[in-house]
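This report goes through one model, beginning with its contacts to DNA and ending with a sheet. Keep the structure in view while reading.

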Protein chains: 2
Amino acid sequence: MIETHFARIRARHALSTEEEAAIRSAMGTSLSFEAHHTFVEADTLLDVSILIVEGIAGRYKDLRDGQRQITELHVPGDFTDLHSFTLKRLDHNLIALTPCRVVLFPHAKLAELTERYPRIARLYWFSTNLDAAIHREWVLSMGRRSAIARTAHLFCELQVRLSLVGRADPDGFDFRLSQVDLAECLGMTSVHVNRSLRRLRELGLMTFRNGRAELHDVPGLRELAEFDPSYLYLDPPPL
Amino acid sequence: MIETHFARIRARHALSTEEEAAIRSAMGTSLSFEAHHTFVEADTLLDVSILIVEGIAGRYKDLRDGQRQITELHVPGDFTDLHSFTLKRLDHNLIALTPCRVVLFPHAKLAELTERYPRIARLYWFSTNLDAAIHREWVLSMGRRSAIARTAHLFCELQVRLSLVGRADPDGFDFRLSQVDLAECLGMTSVHVNRSLRRLRELGLMTFRNGRAELHDVPGLRELAEFDPSYLYLDPPPL
DNA sequence: CGGATCCTTGATGGGATTCAATTCGGGTGG
DNA sequence: CCACCCGAATTGAATCCCATCAAGGATCCG
């Protein structure tokens, strides 16, 4: 059920079967959310962290006038809010962008787990630091990349992250978000997302249609986006 | 010497004198950096984390054409790269934006410290999660706030963070960055930073000149920026 | 088949960049 | 003491990327 979680960890660090069993024993309730359901609201006190088993979720913040910014996407195997273990409440909301199945990890169990296994504590600390690295790359995208490069970069990132958990091929992946959702990730309007996607299609780099991304020219896409996967820490020294 | 660090921690959590002493005992060498010196380069293997004693530092990434994006600013009392303790190398560079005095904390000492004092481990985990929260707010700024609101927001954030360590009054603070530096924080050109600052001055909200920010109307500034300090977690439940 | 939702495209406008020139302030040395 | 210089700040003009506004088209589903 949470094999994707172990795949994600093992893409970066060794994990013993004992550690794997310990993590399993910290699992709590399973739940499902419909698409577009905000399942955690900012400022709510939390006593569980949520792991995605299936589906795509996002962290987002709104401005008064209704403008929304998604600050990170989550794929199967990701904790959406492991950081709530130390923060206790979140500064953002969590939404299911597609139908999602999740597993809850009670903070009390995580406390036991991380105290008994300091190495797991470090692995999970690493995991939240990886989220921060993704945030930094998004700050760079928003601040300095053009709309088309930013769009390309997002798909490059997703291709890598989804591959780790067996949800992408080298040349494409299912991704059932609307162009409005993408716009909220990319800090632009859905109209301009549409034009950027058209441009990427015309350049022969990729198509995104009917909830599926086809990457026709990954090197070209990465070149345009200046995508360097090192921020995803796929080859870290042992922890 | 690292009183600002304890002030920063105690603004959010209790810290016993024993814990304080333990942290002190993990201190290593002191160093000074000149302004504009990049003191950590991306992808270098690190075995120390760096605490700022005096000065302003920044995390930044560059694109090929030389465009630079600063993804976070650091003030006295901050670790610039506590996350290198689990990441081992960084996905970004660290630069002294003003002359800086720092203290090194060897990772070996941090490992001892966090294993002996699990609560300190949680406090430091919290600290890196706070960096991520700041990143998220910057993503929102870059993606959805106008140039003037983004500029105002940055000064609101700095006023709060500097106040915690006694480096700001309610109505202003020293801040010896150039408009080019600000542009690299804000994802815009220095020309437009200049125009945004003029607008803020004309609106009677703040002035920034000669390395000093004067906040004439903090409520007005916060209103314009839609600044809500909750992402800085100044009132978290006990850890 | 009608309605909802999402996608697509065109026309127009505006906020930010780009390019360029001028001013300002702080040093430095003749 | 002042001419000179240099980096930083300031301002104007032209341009461009992206947003806004608006209208049609596609797809799906009850």
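Which helices each supply at least two residues of the surface near DNA strand D? They are helix H8 (190-202) of chain A and helix H8 (190-202) of chain B. The model is a predicted one.

**The surface near DNA strand D**

DNA strand D is surrounded by 14 residues, and the closest are A:Ala147, A:His192, B:Gln179, B:Asn194 and B:Arg195. Of the atoms of DNA strand D that come within 4 Å of the protein, 69% belong to sugar and phosphate. H8(B) gives the largest share of this surface, with 4 residues. By type, the residues of the surface near DNA strand D are 4 nonpolar, 7 polar and 3 charged.

The table lists some of the atom pairs between protein and DNA strand D.

| Residue | Protein atom | Atom of DNA strand D | Distance |
|---|---|---|---|
| A:Ala147 | backbone N or O atom | phosphate oxygen | 3.0 Å |
| B:Arg195 | polar side-chain atom | base nitrogen | 3.0 Å |
| B:Arg198 | polar side-chain atom | phosphate oxygen | 3.1 Å |

For B:Arg195, then, the partner is an atom of a base, while for B:Arg198 the partner is a phosphate oxygen. A:Ala147 also faces a phosphate oxygen, but through a backbone atom.

**A recorded domain in chain A**

In an unreviewed entry, UniProt lists residues 145-219 of chain A as "domain: HTH crp-type". In the model, this span is 55% helix and 15% strand. The C-alpha atoms at the ends of residues 145-219 of chain A are 18 Å apart.

**A sheet in chain B**

Strands of a sheet pair through backbone hydrogen bonds, and the pairing can be parallel or antiparallel. How are the 3 strands of the open sheet in chain B ordered? The order is S1-S7-S3, with antiparallel pairing. Strand S1 (30-33) and strand S3 (48-54) of chain B are at the edges; each has a single partner strand, so one side of each has no neighbour in the sheet. From one strand to the next, the twist averages 35 degrees.

S1(B) and strand S7 (residues 100-106) of chain B run antiparallel and are joined by 4 bridges. Opposite B:Phe33 stands B:Cys100, which is in S7(B).

What lies across S3 and S7 of chain B? Helix H4 (residues 107-116) of chain B does, and this helix runs at about 60 degrees to S7(B).

Methods: Residues numbered from 1 in each chain as written. Chains lettered and ligands numbered in written order. Predicted model: local features only at pLDDT ≥ 70, side-chain atom pairs only at ≥ 80, totals over all residues. Heavy atoms only, no water. Near = heavy atom within 4 Å. Polar contact = N/O pair within 3.5 Å; in protein donor to acceptor, adjacent residues only side chain to side chain. Nonpolar A, V, L, I, M, F, W, Y, C, P; charged D, E, K, R; others polar. UniProt positions renumbered as here; feature names shortened; annotations may be inferred. Pairing = 2+ DSSP bridges. Axes fitted to C-alpha atoms, helices over the stretch in contact; angles between N-to-C directions. Contact = heavy atoms within 4.5 Å.
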